[in-house]
Amino acid sequence: MMRPMKSLFLLALSLVLVAPLAQPIADAAPKKKYHFELTKVLVKPEVKADAGKTAQGRVEAVFKKALSEHPQLVSDIGPAPDPEKDNGLPYRKYITKKGIAGSYLVTVEITSASEELVPLEDKKNSQRIVVQVGVHVLGETIPGRTMGFTGDGAATVKQEVGMKVRDKDRQLTWDDAAKVAIDDALKTCFAKLALPQKKQ
């Protein structure tokens with residue numbers, strides 16, 4: 001008679017110990033999904049022309065890749081109704097049915113961009129390429145084009161290279177800087193979108 005009671009007690013104890021560990025996983029709500037449409041990538045006038053042109057191409061490529069690969073973004077929403085018709089109501093109903101929390105036109109602005117070659121004191125035949133990229137992301141609602149969110153991101157990437165910088169090394173450093181800056185900005189955007197919306 002005592003043995004089954006002891007087993008029951010141990011089973012209950014193990015459930016009590018395991019339950020708190022499983023709790024955070026159960027409480028983690030699935031992250032909301034959004035639809036972003038990139039309108040353009042702009043370069044602020046104060047950014048040097050050469051660096052701005054290089055950054056513009058890299059940032060656009062990285063952002064377009066994020067649109068198709070980021071787990072919180074839905075790139076293809078199918079044959080959606082025209083957002084301009086009937087005050088956008090059919091469009092809103094359509095994206096809600098698709099499980100999309102919001103749809104936005106997105107503009108990316110390059111706020112800073114630079115490239116620098118820095119000599120390495122301890123190595124005669126090497127130097128470091130330093131690339132810096134800063135971005136500002138602005139989202140406007142679809143439909144309506146009202147202010148939806150903003151997000152800023154920046155990155156500085158350093159890579160050791162030879163005395164002659166290969167195009168491949170330069171491109172890789174710019175790509176890495178653009179990716180980190182965009183990832184940084186998107187984190188800020190999603191954090192703002194996750195906040196409770198103010199009632200108007």
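Valine 137 sits in strand β3, and its bridge partner in β4 is glycine 151. Keep in mind that this is a predicted model. That pair belongs to a longer run: 15 bridges join β3 to β4, residues 147–162, and the two strands run antiparallel. Between them is a hairpin with five residues, where glycine 144 takes a positive phi near 100 degrees.

Now the other neighbour of β3. Strand β2, residues 100–119, is also antiparallel to β3, again with 15 bridges. One position to look at is glutamate 109, which stands opposite histidine 136. The connection from β2 to β3 is a hairpin of six residues.

How buried is β3? Of its 16 residues, 126–141, 13 are buried, so the strand is largely enclosed by the rest of the structure.

Stepping back to the whole sheet. It is open, with four strands in the order β1-β2-β3-β4, and the pairing is mixed. The edges are β1, residues 33–43, and β4; each has a single partner strand, so one side of each lacks a neighbour in the sheet. On average, neighbouring strands are turned by 25 degrees against each other, ignoring direction. The parallel part is β1 with β2, joined by 10 bridges. There, tyrosine 34 has glycine 102 in β2 as its bridge partner.

Two helices to mention here. Helix α3, residues 89–97, packs on the sheet and touches β1 and β2, with its direction at about 75 degrees to that of β2. Helix α4, residues 167–194, also packs on the sheet, touching β1, β2, β3 and β4, and its direction makes about 155 degrees with that of β4.

Next, the interior. As a rule, nonpolar side chains in soluble globular proteins tend to be buried together. Here the largest nonpolar core has 37 residues, and Phe36, Val59 and Val108 have the most contacts inside it. At least two residues come from each of β1, α2 (49–69), β2, β3, β4 and α4. Which element gives the most to this core? That is α4, with 10 residues.

What does valine 108 touch, leaving aside neighbours within four places in sequence? Its contacts include Leu38, Val41 and Leu42, then Val59 and Phe63, then Val135, His136 and Val137, and also Ile182. So that brings us back to valine 137, which is one of the contacts of valine 108 and the partner of glycine 151.

Last item: apart from the largest core lies another one, of seven residues, among them Ile77, Tyr94, Ile100 and Ile142.

Terms used
Residues numbered from 1 in each chain as written. Predicted model: local features only at pLDDT ≥ 70, side-chain atom pairs only at ≥ 80, totals over all residues. Heavy atoms only, no water. Buried < 20%, exposed > 50% of the residue type's maximum accessible area, 1.4 Å probe, protein only. Pairing = 2+ DSSP bridges. Axes fitted to C-alpha atoms, helices over the stretch in contact; angles between N-to-C directions. Contact = heavy atoms within 4.5 Å. Core = buried A, V, L, I, M, F, W, Y, C linked by side-chain atoms within 4.5 Å.
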